[in-house]
Amino acid sequence: MNPKMLLDQHAIQPKRSLGQNFLHDPGALEKIVELADLTGDETVLEIGPGTGALTRYLARAARRVIAVELDDRLRPVLDSELSDYPNAQVIYQDILTLDVARMMQTEDYVVIANVPYYITSAILRHLLESSHKPRRLVLTVQQEVGERLVARPDDMSLLAVSVQFYGATRIVNRLKPAAFWPRPDVDSAVVRIDVYDQPPVDVPDEATFFRVVRAGFSQKRKQLKNSLGGGLAIGATEAAALLEQAGIDPRRRAETMRLEEWAALSRVVAAKPVE
Ligand code: SAM
């Protein structure tokens, strides 16, 4: 049954504030499962099952599905829609307050979700910075965000560096607003992130790496010697010297930097004597 009919039956209005645009195109739902390369043995974490459309496809393709939904009003809908799928379990909680590492213990898991667009970046941080990360993520996101996640040097952002540090990131499908109800105002993209076992670049430690990257992006469009200097609370001259030591022109801008260059810079910063 389509999401509008289902919600009408339960007298529920979709909430824009919760990013409730339900994906109902069967071709798009099937394709998401196909793009996730499930073998039938996985535990899948779904964020925001909504009316359970994607959940049902996932429950058919995976060993177990744990779906986390914030909107408690959807409980009767999900109870009936998932009644034939004992391997699908719904937890009514905010994904951002759920301790995923604790819940998953030592179990491998894959995240597949049509995420609420208003918290896409927060969800990515929550999962990728977790001490027990998913093996991969297949996420339907706003197309513009998808493009930012797969950006290359010259268009990099803090978000792109953060995600690409943790996993190989690519856009694997695109969806038009008509695939959803209610229709969103924007196109969507399906992004797949294959999480690395080890960081792809040589960093002293993650905390220093991200301190340096955050400092570099702290002042938009400024030359690195200035943004880095401000972000690390050192002068522009000292920042320029660190950049040169890492083989980076101090006049460059953060959005032009490659992951390897951020790593080289973080090694130089970590080795800097404390004054
Ligand atoms: N998966 C469904 C589909 O594809 O039709 C629904 C996707 S809809 C874009 C996003 C879902 O995330 C909604 O059901 C919404 O209630 C839920 N949601 C919003 N914020 C959430 C949060 N913080 N934690 C968990 N679920 C959330």
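These legends go with close-up views of a predicted model, covering the ligand and two pockets.

**View 1. The ligand and the residues around it.** Let's start with the ligand's neighbours. A shell of 22 residues surrounds the ligand, and Gln-20, Leu-23, Gly-48, Glu-69 and Asp-94 are the closest. Sorted by class, the shell comes to 11 nonpolar, 7 polar and 4 charged residues. Two strands turn up here: strand 1 (22-23) and strand 3 (64-69) each give at least two residues to the shell.

**View 2. Polar contacts to the ligand.** Zoom in on Gln-20, Gly-48 and Leu-70 for this one. Gln-20 uses its side chain: a polar atom there lies 2.9 Å from an oxygen atom of the ligand. With Gly-48 it is the backbone that matters to this view, as one of its N or O atoms lies 2.7 Å from a ligand nitrogen. Leu-70 also comes in through a backbone N or O atom, 3.3 Å from a nitrogen atom of the ligand. How much of the ligand's own accessible area does the protein cover? The figure is 99% of the 590 Å² that the ligand has on its own.

**View 3. The largest pocket, with the ligand in place.** Here is where the ligand sits: in the largest pocket. This pocket holds about 680 Å³ of space. Its lining counts 37 residues, and those closest to the pocket centre are Leu-18, Gly-19, Gln-20, Asn-21 and Pro-116. Gln-20 is worth finding again, since its side chain also puts a polar atom 2.9 Å from a ligand oxygen. Strand 1, strand 2 (43-47), helix 3 (53-61) and strand 3 are the elements that supply two or more residues to the lining. By class, the lining of the largest pocket splits into 21 nonpolar, 9 polar and 7 charged residues.

**View 4. The second largest pocket.** Now for the other pocket. The second largest pocket has about 310 Å³ of space. Which residues lie nearest its centre? Look for Met-156, Ser-157, Phe-217, Lys-220 and Glu-255, out of 17 residues that line this pocket. Two helices, helix 8 (158-166) and helix 9 (206-216), are the elements that give two or more residues to the lining. The lining of the second largest pocket divides into 5 nonpolar, 4 polar and 8 charged residues.

How values were computed
Residues numbered from 1 in each chain as written. Predicted model: local features only at pLDDT ≥ 70, side-chain atom pairs only at ≥ 80, totals over all residues. Heavy atoms only, no water. Near = heavy atom within 4 Å. Polar contact = N/O pair within 3.5 Å; in protein donor to acceptor, adjacent residues only side chain to side chain. Areas by Shrake-Rupley, 256 points an atom, 1.4 Å probe, with all protein chains shown as cover. 1 Å grid on protein atoms, 1.4 Å probe; cavity = no way out; pocket = protein on both sides within 12 Å on 5 of 7 lines; lining within 4 Å. Sits in = over half its atoms within 2 Å of the grid points. Helix = DSSP H or I, 4+ residues; strand = E, 2+ residues; numbered from the N terminus. Nonpolar A, V, L, I, M, F, W, Y, C, P; charged D, E, K, R; others polar. Points joined across faces, edges and corners; volume = space filled by probe spheres on them.
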